[in-house]
Amino acid sequence: MLTLKVNGREVSRDVEPSTLLVQFIRETLQLTGTHVGCDTAQCGACTVHLDGRAVKSCNMLAVQAAGHELTTIEGLAAEDGTLHPMQTAFNDCHGLQCGFCTPGMVMSAVDLVKHHDCTSDQAIREGLDGNFCRCTGYQNIVKAVRQGAEAMK
């Protein structure tokens with residue numbers, strides 16, 4: 001039995017010891033905003049927050065999250081549906097195209113703003129290293145992170 005807090009609510013489910021956190025999120029909890037891109041922790045599509053820090057959920061077992069607090073892209077917005085400032089910035093700045101990488105990119109960007117240096121475009125690019133986007137060319141993603149960072153102050 002795995003018990004943890006997911007998007008502000010306590011969750012308890014039976015889980016096989018070998019279940020990856022991303023599988024638990026998508027298949028057991030039906031929170032499909034967290035994507036599976038590479039299964040090797042290189043693309044960042046599966047990024048979520050565990051105890052307020054960005055982690056790649058394809059690279060850890062669900063049981064490792066027991067007793068912790070997990071936030072997925074679905075839990076980033078306010079309960080009334082108001083988007084998080086970073087989500088709004090990605091929308092406003094068109095920091096997405098196909099949208100596949102967007103949830104992981106947004107989760108990584110929020111972590112970057114909260115815990116790391118994001119004072120320059122170069123720092124933003126370095127901070128998002130490990131999150132791949134095959135569509136945008138990153139220009140609008142960097143712009144979105146700058147705007148989101150300003151709104152998060």
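**Exercise 1. The β3–β4 hairpin**

Leu50 stands opposite Arg53 in β4. This is a predicted model. Task: find how many bridges join β3 to β4 and in which sense the strands run, parallel or antiparallel. Then find which residue of the hairpin takes a positive phi.

Solution.
- Step 1. Count the bridges. Four of them join β3 to β4.
- Step 2. Read the sense. The two strands run antiparallel.
- Step 3. Look at the turn. Two residues lie between the strands of this hairpin. Asp51 has the positive phi, near 55°.

**Exercise 2. The sheet and its helices**

Task: give the strand order of the open sheet. Name its edge strands. Then place α1 and α3 against the strands.

Solution.
- Step 1. Write the order. The five strands run β2-β1-β5-β3-β4, and the pairing is mixed.
- Step 2. Find the edges. β2 (9-13) and β4 (53-56) each pair on one side only, so they are the edge strands.
- Step 3. Add the twist. From one strand to the next it averages 40°.
- Step 4. Check one inner pair. β3 (residues 47-50) and β5 (residues 69-71) are antiparallel, with two bridges. His49 has Thr71 of β5 as its bridge partner.
- Step 5. Place α3. This helix packs on the sheet and touches β3, β4 and β5. The direction of α3 makes about 45° with that of β3.
- Step 6. Place α1. Residues 21-28 form this helix, which lies across β1 (2-6), β2, β3 and β5. α1 runs at about 100° to β2.

**Exercise 3. The two sides of α2**

Task: say which residues of α2 are buried and which are exposed on the other side. Then find what the buried ones pack against.

Solution.
- Step 1. List the buried residues. In α2 (residues 85-92) they are Met86, Gln87, Ala89 and Phe90.
- Step 2. Ask where they point. Their arc around the axis is only 160°, which puts them on the same side of α2.
- Step 3. Recall the helix rule. An α-helix has 3.6 residues a turn, so residues three or four places apart point the same way.
- Step 4. Turn to the other side. Asn91 and Asp92 are exposed there.
- Step 5. Find the partners. The buried residues of α2 pack against α3 (102-115) and α5 (139-152).
- Step 6. Step past the helix end. His94, just after α2, takes a positive phi of about 50°.

**Exercise 4. α5: length and faces**

Task: test the length of α5 against the value expected for a helix. Then sort its residues into buried and exposed.

Solution.
- Step 1. Work out the span. At 1.5 Å a residue, the 14 residues of α5 should span 20 Å.
- Step 2. Compare. The end C-alpha atoms of α5 are 20 Å apart, which agrees.
- Step 3. List the buried set. It holds Ile141, Val142, Ala144, Val145, Gly148 and Ala149.
- Step 4. Locate that set. It covers an arc of only 160° around the axis, which puts these residues on the same side of α5.
- Step 5. Look across. Gln139 and Glu150 are exposed on the other side of α5.
- Step 6. Name the neighbours. The buried residues of α5 pack against α2, α3 and α4.

**Exercise 5. Salt bridges**

Task: count the salt bridges. Say which parts of the chain Arg146 and Asp121 tie together.

Solution.
- Step 1. Apply the cut-off: a side-chain nitrogen of Lys or Arg within 4 Å of a carboxyl oxygen of Asp or Glu. The count comes to two.
- Step 2. Take Arg146 and Asp121. Their closest N and O atoms are 2.6 Å apart.
- Step 3. Map the pair. Arg146 is in α5 and Asp121 in α4 (residues 121-127), so the bridge ties together parts 25 residues apart in sequence.
- Step 4. Check accessibility. Arg146 is partly exposed at 40%. Asp121 is partly exposed too, at 37%.
- Step 5. Take Glu150 and Lys153. Here the closest N and O atoms are 3.3 Å apart. Glu150 is exposed, at 51% relative accessible area. Lys153 is exposed as well, at 77%.

**Exercise 6. Val36 in its loop**

Task: which residues does Val36 contact, leaving aside its neighbours within four places in sequence?

Solution.
- Step 1. Find Val36. It sits in the loop between α1 and β3.
- Step 2. Grade its exposure. Val36 is partly exposed, with a relative accessible area of 36%.
- Step 3. List the contacts. They are Val22, Arg26 and Phe100.
- Step 4. Look at Phe100. Val36 and Phe100 are 64 residues apart along the chain, with 9.2 Å between their C-alpha atoms.

Notes: Residues numbered from 1 in each chain as written. Predicted model: local features only at pLDDT ≥ 70, side-chain atom pairs only at ≥ 80, totals over all residues. Heavy atoms only, no water. Buried < 20%, exposed > 50% of the residue type's maximum accessible area, 1.4 Å probe, protein only. Helix = DSSP H or I, 4+ residues; strand = E, 2+ residues; numbered from the N terminus. Arc of directions from axis to C-beta. Contact = heavy atoms within 4.5 Å. Axes fitted to C-alpha atoms, helices over the stretch in contact; angles between N-to-C directions. Expected span 1.5 Å × (residues − 1).
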